[in-house]
Amino acid sequence: MISFDPTENSNQARRYYRQMAQEQMRPISRRYDEEEHALPREWVDWYWQNARGGAPGNPGGPTDGFVQVCIQAEELCWGDAALYLRTPTAALGGSAVAAAGTPEQRERFLKPFREPGQPIWGAMAITEPGAGSDSAAIQTTARFDAAKDEWVLNGTKIFCTAGEGASQVDGGFVVVWATIDKSLGRGGIKSFVVPARTPGMRLVGLEKKLGIRASDTATLVFEECRVPAGNLLGRPPKPKAEAEKAGDPRTGDKGFKGAMATFDASRPIVAAMAVGVGRAALDFLIEELGRQNVPLRFDAPPRELTALERDVIDMQAELQAARLLTWRAASMMNRGKPNNLEASMAKAKAGLAVTKITQKAVELLGPVGYSKKLLVEKWMRDAKINDIYEGTQQINQLIVARRILEYSSSELR
Amino acid sequence: MISFDPTENSNQARRYYRQMAQEQMRPISRRYDEEEHALPREWVDWYWQNARGGAPGNPGGPTDGFVQVCIQAEELCWGDAALYLRTPTAALGGSAVAAAGTPEQRERFLKPFREPGQPIWGAMAITEPGAGSDSAAIQTTARFDAAKDEWVLNGTKIFCTAGEGASQVDGGFVVVWATIDKSLGRGGIKSFVVPARTPGMRLVGLEKKLGIRASDTATLVFEECRVPAGNLLGRPPKPKAEAEKAGDPRTGDKGFKGAMATFDASRPIVAAMAVGVGRAALDFLIEELGRQNVPLRFDAPPRELTALERDVIDMQAELQAARLLTWRAASMMNRGKPNNLEASMAKAKAGLAVTKITQKAVELLGPVGYSKKLLVEKWMRDAKINDIYEGTQQINQLIVARRILEYSSSELR
Amino acid sequence: MIDFEPTEEQTLIVETVREFARGELRPRAREADESAKTPSELLARAHELGLVANGLPEEFGGGGARSAVTGALVAEELAWGDLSLALAVLAPSLLGYAVVDFGTAAQKAALLPESIASASCTGTLAAVEPRFDSDVYRPRTAARRAGSEWALDGAKCLVPWLEGVRHILVLAQAEGALGAFAVPSGAAGLTAKPDAYMGVRALPLAELELRDVRVPLDARLGGERGPDVRALVARGRVGLAALGVGVARAAFEVARDYAKERKAFGVPIATKQAIAFKLADMAIEIDGARLLTWEAAWQLDRGLDATREAALAIHQVRRVALEVADGAVQVFGGHGYVREYLPELFLRNARGFACFEALTLV
Amino acid sequence: MIDFEPTEEQTLIVETVREFARGELRPRAREADESAKTPSELLARAHELGLVANGLPEEFGGGGARSAVTGALVAEELAWGDLSLALAVLAPSLLGYAVVDFGTAAQKAALLPESIASASCTGTLAAVEPRFDSDVYRPRTAARRAGSEWALDGAKCLVPWLEGVRHILVLAQAEGALGAFAVPSGAAGLTAKPDAYMGVRALPLAELELRDVRVPLDARLGGERGPDVRALVARGRVGLAALGVGVARAAFEVARDYAKERKAFGVPIATKQAIAFKLADMAIEIDGARLLTWEAAWQLDRGLDATREAALAIHQVRRVALEVADGAVQVFGGHGYVREYLPELFLRNARGFACFEALTLV
């Protein structure tokens, strides 16, 4: 039934994460924007000790499922998107393990995130210097060493979010996309779990960025980096001839399609993160205008409506449209429905909407909005990443276009 | 020297055509919008008798050259774009004759437009049912009958502006693009002057359109339509082998390139026509707001600026940007500079800008703007053609993109 | 629980209405626009389907299944067929829902049975005024007490005016408050003349002039309390937003199909990124606008004030419907400009949402 | 006669400045932004070129070749190199042109020679205020007559504050009229602290607080008559508009070059319509904004009020500079987001035009 009424569990989660965002993240936002790449120890430790278990709630009660996950992401990114990305969790790497891993792999790699000990991170490494949006053009190779029953990885990965934590702190891991056979194209791409500090995996640099500066965006080099055969996500692959039978789940891990499916699950979350950043700026703007007694009317006479009022109406409509598209994509997962189209729609809309909303918020707040005195300028810088990572605006438009036109990736490039 | 100061000749021309627009066109605008395809006899006769000679001015004095032509087009389309297109002139067909014709051809085909007699029209027929924007895919054929020294045309042309007048009224003509040899691709395309009422040329229909309803947009069918050899624009073509030497002016008329060059000259005029329609709506809006004492400030306090004021500022900036891009493209012709890039820029900008300006004007004038009581709704309908004909928005973007990227038409499709 | 799936019952209704739109409205859209006439058989057919009556109270002969969300779903499907015809078949909602929501018991008893029973549209609503800054919240039309009557003066336009209209609910300033007055169509001092616009040409519309039009005191909707005009406006905007989504979806679909069909330079134009991405943006914006509309409708169904949500939805729809329709014209190129194809009709209709208010109610 | 070709002299100037921008500004842009410092040698080099002094009167040591059009041409080229550094090297224009245009003979004699002769920037202008609705036409900073002095109170921000500044022209309400007051940088009651923004980080900026700052009566620019603030604002906006065009052109050019270089799916991304058309739109919008800027500048050169033209130009440039810079980030994809490449710097700088006023004069 069409409903916009969150469950009590979602409401509780929203309150819980909003308070966390307000109290734990906002006070250190500016500091870790300025101290680029410094580990936000307060946040990392606090979260690890206090918030890993998830929001309080009624475990048996009705839940909004994946929509609640979106609400959590929105609230924490309302707090600080960069700190959110630095949160000690299995993150995207964990999603890949959960989606494509065997039960044994899920237990082995994800359990440490639920255990005592020091904070650890998971990450996913896909992008390469030459490949950009073209995941299928991956050059990193995985060679099977039958003698040692190991996979040997060689290649370079860039733009690996949380890549420092995941590669350097024992207990964490990086899920690396690599091809076992270039001649297979997309079918040859598999994902491998590389535990932190595995010899042969080197952190060679962290990106200096426009925004989300507290987030460790890493370049990782793999040189004869060896992982056990069991670190290939999913079952071990059958020989080449059989592996070519696309769609046969017995041909090893779910391969490229499986890995891409991770995006259908992650894009709504990324869209929700975007919405969080956008809302941070819009909330601040509206509150500030309220403090200054500037009217914001929904029923202003047409000739008296101010440009400011209309801008705020527009920002609200755009943000809410993005949020609802996001929730729709998440809610389809609750129903077990394929959501590739809807997830890309949400990501495309949210990324663009919050880029514009935060840019507009800086404008509407005048010189103060542009200054470092407020966080609004930071939110504008942070927001822009949502137009870019997890598939740029253009890549998501392309996916949407292919679906609505029923074109394959070779028909519409 | 960078200057925005029109010559006295241009000022006089502007006044002359503005008065004409106000007195001769506006009073009959609504009528000929409603009586679609009816010949606007008042306008046609008045123009033919009184205005063919051009604006009064000082023939020896300084002139803005092609910019003045743009000013004329702007003023008359400010009056009524559809009536302008129905004006008895050689129009685009004339431009083609002037650009690509021999002196003898210019004399033969254009002289009747300067002589006494009844009003006549010229037209250009390029688009075909299957070809759309793809001028090179022209299917209409021209076969040379050496025995009779005649060209024989076969094919169908659509969207031929002024096609009724030009094909049906003795003295007028249609310039028809046809291929003399499909294997030559673009190089085989030539233009042929088909005098009105030539046997084999049939008017089979007039388009019912969104706007510019007084303009006769014709479908013409050519069946074994014969014209003398001398009606091929330019010199007669050499045999095929020689004709393949691209760029050699001796290989007959200037062919596809020559014909396309007509567009570089016509696009600024079309852009100026667009500006005229857009200005009609904007002028009306501003005058109406003035009558109602609604302020339009350029120095409003940021929080008090109304949405309406900002819209009007935006419309003015967009219209003026379009106008200046148009004048620049025209002014380059004054200096004999190639203006293919700039003409396409002007056309792309003007078409889109006035589409938006007129749509916005309808909105800002509320239910009255949307009603048939005013001409604003008509201007919105008329304006949209500028996004479409003489190369759609997309075609002009494509041309601009190729120029700025230095890509050929095969590199960027 | 947050969810975006219509109920099974709603799905059935949507399918029925979609079939009606596809079979009855769309094929008549062009001819209705050209002739500026709503084919009268359509109203009877819509009445049979109970498009409006289903939502009206059972005690007066209706179906009793009122839901703004369902109303939005229905409106989108109808407008997908044709906006003018959708507005025509939904016109009985104007008097019907306004009286149900705000009328006194006596007004309901007097007006609803005939509204529900009649195959024609017995009542309409006059919300828009023929001026540049028409403002549904602040009409200039005024009602003043004159003894035991109200006297109304002013002007209205864009009033749906189908054959058989017996009452017009006229929005007016009533001595400091906003009121709506049921004015008989034959009242002295009331003149109605045909009203023509760039779009919605098939919908019969009237421009009204009211000169000292007298109605009894009990003609005031809701009596002394009057109607909740914010709720009335919100119900109008949700309906319009849903209609706008329908127009946009129609434009998107014809553009998508044309782009796959039409070839240029040897390939379907849909394989060009400039076209394909434009279509993708259309699809995204339409879905976003629809969800905003649903949220506002859902807010109404919960009995909450939906002024904000309806304002956001209609704000978005005004932009999206226009952009998508304009984009469809662009995708069609020259063919988009001629009346042989539908995009130009969508464009003319889409622009109307800028000034429409309360042309339907959910 | 309507024409769009710079004079030969202007062409020469543009070439010189372009070379300066390419050789001196662009290579320092990134490091200057990261360190938030303007390399001091640049100011000396710019002074040698006479970038500002060329337009100041010969009688005080200037070149006497004042032209707002030339100023716009120069500003665009400099900003193409780097916006912060352009604003730094043009900073002497603030005091210089304001005093030339509006100062009394005594003020000119007192302030211009050192401004022209000095390789550092001896004077600046304070127009923007540190509040959400800063309004250059209506400063809240106020000057009141206190005996034989003016007493100023208020706050300013975004004040270019280069080494060597001796006077700040402070815009203030002066008992009903708008005034500008030459305040010595060491005046009692004046505090200046560093001011930091998302962009123009290499430009030293100050936030000023004025508490009962006393200046003599003759410190009022132009004496009793005061300056023509509309003209001052217009000269500021034309300069800013030209700078914005320069930023946009820089962003466009790096995006264009990257798009031709960078391959995805085996072909340069510039061969994709989505990228190619975006670049085409950038080019068109930049040219349109430039022509609006030129027209406003030309209006100033004719001695006419250019409030409208300057408002249109800056309105357009605010949008275009932002959109083009944002588009450049988008063309670069992930690389656009990292500080190894220039687009993110262009984006941060471009957003500043929303609040900049009178940061340079032409």
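**Exercise 1. Two helices of chain D**

At roughly what angle do the axes of helix α5 (residues 92–102) and helix α6 (residues 105–117) of chain D cross? Work out from this angle how the two helices are oriented, and then describe their contact.

Solution. The model is a predicted one, and the values below are computed from it. In the first step, one notes that the axes of α5(D) and α6(D) come within 10 Å and cross at roughly 150°. In the second step, this angle is set against the cut-off, by which angles over 145 degrees count as roughly antiparallel; α5(D) and α6(D) are therefore roughly antiparallel to each other. The crossing of these two helices is left-handed. In the third step, the contact itself is listed: α5(D) contributes D:P92, D:L95, D:G96, D:V99 and D:V100, while α6(D) contributes D:Q107, D:K108, D:L111, D:L112 and D:S115. Sorted by class, the residues of this contact are six nonpolar, three polar and one charged.

**Exercise 2. Two helices of chain C**

Apply the same procedure to helix α9 (residues 307–332) and helix α10 (residues 343–351) of chain C.

Solution. The axes of α9(C) and α10(C) come within 8 Å, and they cross at roughly 160°. Because angles over 145 degrees count as roughly antiparallel, α9(C) is roughly antiparallel to α10(C). The handedness of the crossing between α9(C) and α10(C) is left-handed. From α9(C), the residues in the contact are C:A321, C:L322, C:A325, C:D326, C:A328, C:V329 and C:F332, and they meet C:P343, C:E344, C:F346, C:L347, C:A350 and C:R351 of α10(C). The class count for the contact of α9(C) with α10(C) is 10 nonpolar, no polar and three charged residues.

**Exercise 3. Pairing around a strand of chain A**

Find the strands that are joined by bridges to strand β7 (residues 217–228) of chain A, and give a residue pair for each.

Solution. One partner is strand β3 (residues 150–161) of chain A, which runs antiparallel to β7(A) and is joined to it by nine bridges; within this pairing, A:E150 has A:P228 as its bridge partner. Another partner is strand β6 (residues 201–206) of chain A, again antiparallel to β7(A), with five bridges, and here A:L203 stands opposite A:L220.

**Exercise 4. The contact between chains A and C**

How many residues does each of chains A and C bring to their contact, and which element of chain A gives the most?

Solution. Chain A brings 36 residues and chain C brings 37 residues. On the side of chain A, the elements that give two or more residues are α9 (307–334), α10 (340–364) and α13 (393–405). Of these, α9(A) gives the most, with 11 residues. By class, the side of chain A that touches chain C holds 22 nonpolar, six polar and eight charged residues.

**Exercise 5. Positive phi values**

Examine B:H37 and C:L158, and decide for each whether the residue is buried, partly exposed or exposed.

Solution. The background is that most residues other than glycine have a negative phi. B:H37, which is not a glycine, has a positive phi of about 75°, and B:H37 is found in the loop between α1 (8–34) and α2 (41–50) of chain B. For C:L158, phi is near 55°, also a positive value in a residue other than glycine, and C:L158 is found in strand β3 (residues 149–160) of chain C. The last step is the count of neighbours: B:H37 has 16 other C-beta atoms within 10 Å and is therefore partly exposed, whereas C:L158, with 28 other C-beta atoms within 10 Å, is buried, since the cut-off for a buried residue is 20 or more.

Technical notes: Residues numbered from 1 in each chain as written. Chains lettered and ligands numbered in written order. Predicted model: local features only at pLDDT ≥ 70, side-chain atom pairs only at ≥ 80, totals over all residues. Contact = placed C-beta atoms within 7 Å. Helix = DSSP H or I, 4+ residues; strand = E, 2+ residues; numbered from the N terminus. Nonpolar A, V, L, I, M, F, W, Y, C, P; charged D, E, K, R; others polar. Pairing = 2+ DSSP bridges. Axes fitted to C-alpha atoms, helices over the stretch in contact; angles between N-to-C directions. Parallel < 35°, antiparallel > 145°, perpendicular 65-115°, else oblique. Left-handed = near helix turned anticlockwise from the far one by under 90°. Buried ≥ 20, exposed ≤ 12 C-beta atoms within 10 Å, placed from the backbone.
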